[in-house]
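Trainee: I should like to learn how to read burial, contacts and surface charge in a protein model. May we work through an example together?

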Amino acid sequence: MKFSITFHEIEALIKAHYGLELKLRQVSDYEIRIQPRNMDFLQNRVKLRIAIEPEYDVPNRIKLKVSAGAFSPIVVPKVLGLLSELPAGCAATKEDGNIIILLDKFTQLANMCSMCEIFDIRFSGYTDEVEVSARFSNVKPEDYPEIKDYSFNSNVNIKEHEQGRVMMDIARSIFESDKIDEELQTLKDKATELKNVHGDELKDTALSFLKKLCSNYVDKTSKDDTG
């Protein structure tokens, strides 16, 4: 059996929940590029790539590689930090951006995964869709191979995350977390620039105003004394 969701539907879902405009593009059958459209100049140029490892064929698990070119040292830690918000045991991560998503650990997918196995997820550039293939199976999760050398998220209340906001939260984490810090730094830089450009002018104006006040005061005092 197969089902799919279009890139446009994913983009609309993210915009409706977070007001973030993203553009999804297929890079290959197993890699997609995500880029923001309504952020600032720098952030609009961050291109997040999510690649599926097709050789990792464990049912109901997806192995991903997250990267962002020159921005990877900043972006990858944000993604890994975000995954701790998913229900406990849903994500296994490495610092280099390798991620394994355990679909059967999501509340919404547990029943389906107990009867079926999702064995292939790929991207279609012709129809702009994420395509998912599944089949009926009686394979049990305990029969899956052990995940070694990965860190698991484990400190989250499952009830608080029943919607499993994977793509939406990844996007928000990457493109919004530093926005406030950057805006504050911009204000500081602008204030410094104004001070450097107009500092002497403002000082001279203030001194001239004070001298004028002092002169007026002396003249007034002199007139009062002679009067």
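Mentor: Let us begin with exposure. This is a predicted model. A residue is called buried under 20% relative accessible area, exposed over 50%, and partly exposed in between. R37 has a relative accessibility of 46%, so R37 counts as partly exposed.

Trainee: Where is R37 found?

Mentor: R37 belongs to the loop that joins β3 (31-36) to β4 (48-52).

Trainee: Which residues form a positive surface patch?

Mentor: Lys and Arg are counted as positive. Here R25, R37, R45 and K47 make up such a patch, and R37 is thus a loop residue that takes part in it.

Trainee: Let us turn to a strand. Is S133 buried or exposed?

Mentor: S133 has a relative accessibility of 9% and therefore counts as buried. Its place is in strand β9, which covers residues 129-136.

Trainee: What is S133 in contact with, leaving aside neighbours within four places in sequence?

Mentor: Contact means heavy atoms within 4.5 Å. By that rule S133 meets M1, K2, E117, I118, F119 and D120.

Trainee: How should I read E129 in strand β9?

Mentor: The relative accessible area of E129 is 19%, so this residue is buried. Residues up to four places away in sequence aside, E129 touches S4, I5, T6, F7, R122, F123 and S124.

Trainee: What separates the C-alpha atoms of E129 and S4?

Mentor: A distance of 6.3 Å lies between these C-alpha atoms, although E129 and S4 are 125 residues apart along the chain.

How values were computed
Residues numbered from 1 in each chain as written. Predicted model: local features only at pLDDT ≥ 70, side-chain atom pairs only at ≥ 80, totals over all residues. Heavy atoms only, no water. Patch = residues over 30% accessible without salt bridge, like charges linked within 9 Å, V, L, I, M, F, W, Y side chains within 5 Å. Areas by Shrake-Rupley, 256 points an atom, 1.4 Å probe, with all protein chains shown as cover. Salt bridge = Lys/Arg side-chain N within 4 Å of Asp/Glu carboxyl O. Charge placed at Lys NZ, Arg CZ, Asp CG, Glu CD. Helix = DSSP H or I, 4+ residues; strand = E, 2+ residues; numbered from the N terminus. Buried < 20%, exposed > 50% of the residue type's maximum accessible area, 1.4 Å probe, protein only.
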